[in-house]
Amino acid sequence: MQRRRFKNTLTFPDRLAKEAKRFRQEAETKPPGQERDELLRKARQAETAAQIDQWVASPGFKPPE
C-alpha cells in the first residue's frame, strides 16, 4: 500500500495566515457566544504558531522581546 503524497503549494506560515483569516471571517458571521469564541481562539492559535515558526527559523534563534 503506497502512501499518498501531497505537495503544499503554500509555505507553512502562509497556510497558517490563511487559516487564521478564514477563522476570523467565519467568526464575524456568528453571534456572540461559545462558537464565535472558539473560532477566535483558533485564529489566535494559528497566528501564534506563525510567529513561533518565524522565531524558530530566524538566524540566531533569539527569544521574543
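The following dialogue examines helix H1 and the salt bridges of a predicted model.

Student: How were the values prepared?

Tutor: Residues are numbered from 1 along each chain as its sequence is written, and side-chain values use heavy atoms, leaving out hydrogens and water. As the model is predicted, local features need pLDDT of at least 70 and side-chain atom pairs count only at pLDDT 80 or more, whereas totals for chains, interfaces and linings use all residues.

Student: How do you know that the span of helix H1 agrees with its number of residues?

Tutor: Helices are DSSP runs of H or I with at least four residues, numbered from the N terminus. The expected span is 1.5 Å times one less than the number of residues. For the 17 residues of H1 (residues 12-28) this gives 24 Å, and the end C-alpha atoms are 25 Å apart, which agrees.

Student: Which residues of H1 are buried?

Tutor: Buried means under 20% relative accessible area, exposed over 50%, and partly exposed in between, with a 1.4 Å probe and protein chains only. In H1, Leu 16, Ala 20, Phe 23 and Ala 27 are buried.

Student: What puts these buried residues on the same side of H1?

Tutor: The arc is taken from the directions from the helix axis to the C-beta atoms. Here the arc is only 65° around the axis, and therefore they lie on the same side of H1. Helix H2 (34-57) is included in what covers them. The face turned away from the buried side carries the exposed residues Lys 18, Lys 21 and Glu 28.

Student: Why is the pair Arg 22 and Glu 19 called a salt bridge?

Tutor: A salt bridge requires a side-chain nitrogen of Lys or Arg within 4 Å of a carboxyl oxygen of Asp or Glu. The N to O distance for Arg 22 and Glu 19 is 2.9 Å, so the pair meets the definition.

Student: What makes Arg 22 and Glu 19 about one helical turn apart?

Tutor: They are three residues apart in helix H1. An α-helix has 3.6 residues a turn, so residues three or four places apart point the same way.

Student: Why is Arg 22 called partly exposed?

Tutor: Its relative accessible area is 39%, which falls between the two cut-offs. Glu 19, at 31%, is also partly exposed.

Student: Which other salt bridges are among the five in the whole structure?

Tutor: Among them, Arg 22 pairs with Glu 26 at 3.8 Å between the closest N and O atoms. Another joins Glu 35 and Lys 30 at 3.4 Å, N to O. Through shared partners, Glu 19, Arg 22 and Glu 26 form one network.

Notes:
Helix = DSSP H or I, 4+ residues; strand = E, 2+ residues; numbered from the N terminus. Contact = heavy atoms within 4.5 Å.
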